[in-house]
Amino acid sequence: MADIWSEPWFGLALAIAIGLPIVLVILTELLAYLVRREHPAAKPVRLLRNLVLPVGALLALLSLASTSRVEITWVRVVATVFGFLVILLLLSSVNVVLFGNPAEGSWRERLPSIFIDLARLGLILVGLALLFSWVWDADVGGLITALGVTSIVIGLALQNAVGSVISGLLLLFEQPFRIGDWLNAGGVQGRVVEVNWRAVHIDTGNGIQIMPNASLAGSSFTNLSQAPGAFRATATVKFSTDDPPHQVLELLQSVASALPMLERSESIDASYAGSATYSISIPVVGPADAGNATALFLAWLWYAARRAGLALDNDSTDPISTPERRDEAVAAMIRVLRLAPGDYGWLTGRVRLERYGHGEVLHRSHTIPDAFRFVLDGEVILSVPTELGEVAFQTLREGEFFGMLALSRQVDANSAVAKGTTTVLLIPTGVVDQLIDANPGIARDIGRIIDLRRDAAKAAVTALGIK
C-alpha cells in the first residue's frame, strides 16, 4: 500500500477520480442555466462537459500508464482526438466572444457568415497540421508549401471570378442597405427582398431584378430609405392664371394634409413657379408610399379644386353643378324634412352641391362643422378617434344629414369620410336657422339624431373594451 501512495501517477489519478465528477456537476448546472437563458455560450460549455474533459482525463490516464508520453499508437490516437476537440472548443469560444451578441450596426453584425466559415476552416487546418506535427512527428511543411502554390495558381486563373465574389462579400460586410430598403441602382428602382453572397434581389413591381453584388460594389446607387428626413412624393400641377396663387397654395396644402400615408412629423412644401404652375413636396412614410401618395393627391385635388371653384388644368367646370341637379337635391331634402315643396323655392340659390372622392375627409374630428350636409349619393363613414385609432360606428346613406353641431357651434368629436364617390348638398347654418324658425320640429329631430349618434359612438368604443 505504501508503494502505491508513493507512485508518481497516484496523485494525478486521485485528482482525476475526485475532481472530474465535481467539475462535470458544476458544468452541468452552468449549462442548464445558459440553456434557460438561451445564451450562445451554452454550445462551448456543452462541448467542454461532454467531450473535452472526459477525453482529456482519458489521455492523462493513458499517458501515465504508458512508459513513454505519446509513443504508443493508441495513446497518440487519443491525443489526436483530444487536440482536435480543444481546437473546436477554442473556435467555439472565440465565436461566442466576438459574434455571440453583436451590437446592432457593429462590424460584428455586418460581417458575412461566409467570412467566419472560411476563417474557421483555415484555423482548423492550421491546428490539425500543428497537432499532427506534434503527436505523429509528421512533416507538414511540404504539404503547406504545395497548398500555397496551388492556391496562387488557382487565384491567378480565377482572379476575375474571385474578384467579383470578394467585391460582393465586401459589399455585404459594409451593408449600405438592408432587406426592405428601396434602391435606385442603374435605372432600376425597387425594394430589396433578398441579399446573399452573390446577388441582391430587387422587387421592381414588375418582377424581381437580380443585381450581382459585384455590379453594385463597382457602381454608384442610391438608398432611398436612408435619405435624410422623410421620403418625399412630388407633383407638379397647373391651374388657371385667373386663380389667386395663395388660394391655390392653401388648397394644395389642405389636400396633402389629409393623405393617410403622410409623415406628419415633416412639413408639406408647396410653391408657385409662375405661369399658373405649382409644385408640391409631400413627406410620406417611405418610398413604397410615394407612388400611391402622388396618385391619391392628384385624384383628391380634382374634387377639391371644383369644390373651391378653381380651374385645375385650366378647367373649372363641374359636371354635377347644374341648376337641374341642384333643384333635384333641394326637392329630395324637402321630402326628408317633410316640408311643403312650394314654400321653399328660395333654397336653391343658397345651397351648393359638393362631390368627394373615395377616402376624402368631409369633417375632421374635434373641429366645429362649417355647415350641414345632406347625402345625395354614395356613403359617408362616421368614426370616433380612440387610442387604438379611428373606430367606425355608423354609415350614412342617401337622405341622411351630418354636421348638425354647426347649428350650436359645438365641437364634433367624430370624423366623416367618403366611401366611394359621394355627392352631398351643403346647407349653410343660416339657412337651417330659417328652416327651424318656420318649423320648430326640425330642431327636435336634429337633437334626437345627435343623441342617437353619440350613443352609437359610445357603444362602438365600449365593444372594443376602450374606456
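Let's start at the second largest pocket, which has 24 residues in its lining. Val336, Leu337, Phe401, Asp445 and Ile449 are the ones nearest its centre. Please keep in mind as we go that this is a predicted model. The volume of this second largest pocket comes to about 470 Å³.

Which helix gives the most to that lining? It is helix 14, with nine residues. If you want to find the walls on your screen, look for helix 12 (323–337), helix 13 (429–438) and helix 14 (441–463), each of which supplies at least two lining residues. As for chemistry, the lining of the second largest pocket has 15 nonpolar residues, four polar and five charged.

Now over to the largest pocket, at about 580 Å³. Here 23 residues form the lining, and the closest to the centre are Ser254, Arg307, Tyr356, Val361 and Leu362. Two or more lining residues come from each of helix 10 (245–257), helix 11 (290–308), strand 9 (352–356) and strand 10 (361–363). Helix 10 gives the most, with five residues. How does the lining of the largest pocket divide by residue type? You'll find eleven nonpolar residues, four polar and eight charged.

On to salt bridges. The count for this model is eleven, and I'd like to show you three of them.

Take Asp377 and Arg325 to begin with: their closest N and O atoms are 3.0 Å apart. This pair links distant parts of the chain, because Asp377 sits in strand 11 (residues 372–386) and Arg325 in helix 12, with their positions 52 residues apart in the numbering. Both partners are partly exposed: Asp377 has a relative accessible area of 27%, and Arg325 has 25%. You'll remember helix 12 from a moment ago, as one of the helices that supply the lining of the second largest pocket.

Next come Glu354 and Arg352, whose side chains meet in a salt bridge at 2.9 Å, N to O. Is Glu354 buried or exposed? Glu354 counts as buried, because its relative accessibility is 3% and the cut-off for buried is under 20%. Arg352, on the other hand, is partly exposed at 40%.

Then there is Arg373 with Asp370, where the closest N and O atoms are 2.8 Å apart. Arg373 is buried, at 5% relative accessibility, while Asp370 is exposed, at 52%. Through salt bridges that share partners, Arg352, Glu354, Asp370 and Arg373 are joined into one network. So if you click on any of those four residues, do bring up the other members of the network too.Let's go to the surface now. Leu14, Ile18, Ile22 and Ile26 make up a nonpolar patch there, and together they have about 370 Å² of accessible area. Leu14 belongs to helix 2, which covers residues 10–36. With a relative accessible area of 39%, Leu14 is partly exposed. Why can Leu14 be part of a patch at all? Patches take residues with over 30% relative accessible area, and Leu14 qualifies because its value is 39%.

Staying with helix 2 for a moment, the loop between helix 2 and helix 3 (42–65) holds Glu38. What is the sign of phi at Glu38? Phi is positive there, about 55 degrees, although Glu38 is not a glycine. Glu38 is also exposed, with a relative accessible area of 71%.

His366 is another residue other than glycine with a positive phi, this one near 60 degrees. You'll find His366 in the loop between strand 10 and strand 11. His366 counts as exposed, at 52% relative accessibility. Strand 10 gives residues to the lining of the largest pocket, and strand 11 holds Asp377.

One last stop is Ser215, in helix 9 (residues 213–217). Ser215 is partly exposed, with a relative accessible area of 36%. How far apart are Ser215 and Val200 in space? From C-alpha to C-alpha they are 9.9 Å apart, and in sequence they are 15 residues apart.

That's my tour, and I'm happy to go back to any of these spots on the screen.

Terms used
Residues numbered from 1 in each chain as written. Predicted model: local features only at pLDDT ≥ 70, side-chain atom pairs only at ≥ 80, totals over all residues. Heavy atoms only, no water. Patch = residues over 30% accessible without salt bridge, like charges linked within 9 Å, V, L, I, M, F, W, Y side chains within 5 Å. Areas by Shrake-Rupley, 256 points an atom, 1.4 Å probe, with all protein chains shown as cover. Helix = DSSP H or I, 4+ residues; strand = E, 2+ residues; numbered from the N terminus. Buried < 20%, exposed > 50% of the residue type's maximum accessible area, 1.4 Å probe, protein only. 1 Å grid on protein atoms, 1.4 Å probe; cavity = no way out; pocket = protein on both sides within 12 Å on 5 of 7 lines; lining within 4 Å. Points joined across faces, edges and corners; volume = space filled by probe spheres on them. Nonpolar A, V, L, I, M, F, W, Y, C, P; charged D, E, K, R; others polar.
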